[in-house]
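User: Could you take a close look at the aromatic rings in this model for me? I would like to see how they pair up.

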Amino acid sequence: MKYLPLVIAAAFAVSVSAVNAKELRLSAAPPPTSPWGKITMSFVEKVAELSGGKLTVKPFLSSKLGGEQDVAKQIARGRIDIGVMSNTGVSLLVPEFGLLAAPYAFDSAEQFDCVADNHLLKTYGEDFDKAGIRTLSWMEVGYQVIFSKDSAIRTPADLKGKKIRTAPSVTDTQYIKTAGGNAVPLSPKDAVPAMKTGQVVASTQPSVFGIATGYHKVAPIISLTRHQHQVGGIIISKKTWDGLSTEEQGWINEAAPIFLGLRKALRGAETALLKKVAGEGTEVINLTDEELAAWKAVAPEAQKVILEEMGGSASAKWDSIQAAKAACAS
């Protein structure tokens with residue numbers, strides 16, 4: 001019996017610790033079984049491990065807190081704490097961030113990695129601050145391709161007369177318009193229903209995300225245009241960040257780079273997933289050099305339209321991206 005007070009004291013201490021633990025809400029669009037869902041859970045576990053349970057992150061995956069358009073605004077206001085966001089999601093708060101997904105903006109994934117790791121905060125840091133957010137890490141999203149319901153899309157000429165879902169972003173929408181398609185901007189969660197009802201006959205979407213969320217089951221022809229390289233951001237509300245102690249900020253900063261592991265994992269996953277769905281009956285179209293050149297030929301004109309529509313500091317940001325690419329090549 002003499003040990004009972006010690007047991008009670010220990011239980012009380014754990015109870016007090018649990019009560020005093022700070023919980024942050026995290027929103028992400030991908031499902032738990034996707035590469036993004038799995039790495040988000042690794043981040044959640046890492047924060048809990050580093051903090052000893054004093055700081056926890058409660059994940060809401062599969063857009064349970066709403067689509068990225070709504071969630072982005074909630075993060076800026078401090079009503080949701082953390083977002084695992086696509087390029088489109090981040091660009092809702094910082095429009096010029098969308099330039100990173102400009103058509104054929106980068107020569108290789110390695111070139112993009114160099115720009116992201118060494119130059120992006122210099123280019124966009126002040127803009128994030130003004131938007132009420134802070135970036136914790138970058139996140140690989142993958143290459144944008146086209147999922148089609150009933151006919152192969154091999155060149156821009158094949159877009160004529162077709163209603164095609166695009167990301168609700170200037171870059172994707174204006175590129176498809178310039179290429180000759182009838183662009184219909186829709187959120188990812190609305191794209192599949194739109195294809196099922198015939199509102200659109202095709203959809204742009206990063207290849208891995210599209211397959212992970214079942215796009216190929218509705219639109220079983222995948223054209224590997226790879227017309228955008230999508231990078232997202234792990235963002236935290238500046239209001240939330242400023243309310244954390246230095247120790248709490250340190251735990252999050254130490255856990256966040258785990259998302260960079262998506263680069264290798266996702267790029268490897270694309271090859272495996274495309275092979276898998278091809279074996280199940282999906283038509284996967286690897287474009288010829290001539291066909292790919294036709295898509296790339298549209299990019300310069302589309303880029304002019306994109307910069308004009310964005311206005312503001314878009315041209316200066318684009319110049320900064322080009323300077324960063326040059327620095328990475330030296």
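How many aromatic pairs does the count come to?

Analyst: Happy to help. This is a predicted model, where local features need pLDDT of at least 70, side-chain atom pairs count only at pLDDT 80 or more, and totals for chains, interfaces and linings use all residues. Residues are numbered from 1 along each chain as its sequence is written, and side-chain values use heavy atoms, with hydrogens and water left out.

The count comes to 11 aromatic pairs. Rings of Phe, Tyr and Trp (its six-membered ring) pair if their centres lie within 6.5 Å; planes under 30 degrees apart are stacked, over 60 edge-to-face, and the rest tilted.

Take Y104 and Y175: their ring centres are 6.2 Å apart and the planes stand at 75°, so this pair is edge-to-face. Y104 lies in the loop between α4 (87–91) and α5 (109–131), while Y175 belongs to helix α6 (residues 170–179), so the pair ties together parts 71 residues apart in sequence. Helices here are DSSP runs (H or I, at least four residues), numbered from the N terminus. Both Y104 and Y175 are buried, meaning under 20% relative accessible area (1.4 Å probe, protein chains only).

Y175 also pairs with W295: the centres are 6.5 Å apart and the planes at 40°, so this pair is tilted. It links distant parts of the chain, with Y175 in helix α6 and W295 in helix α13 (residues 289–310), 120 residues apart. W295 has 0% relative accessibility, so it counts as buried.

Elsewhere, ring pairs join F97, Y124, F128 and W138 into a cluster.

Conventions:
Helix = DSSP H or I, 4+ residues; strand = E, 2+ residues; numbered from the N terminus. Buried < 20%, exposed > 50% of the residue type's maximum accessible area, 1.4 Å probe, protein only.
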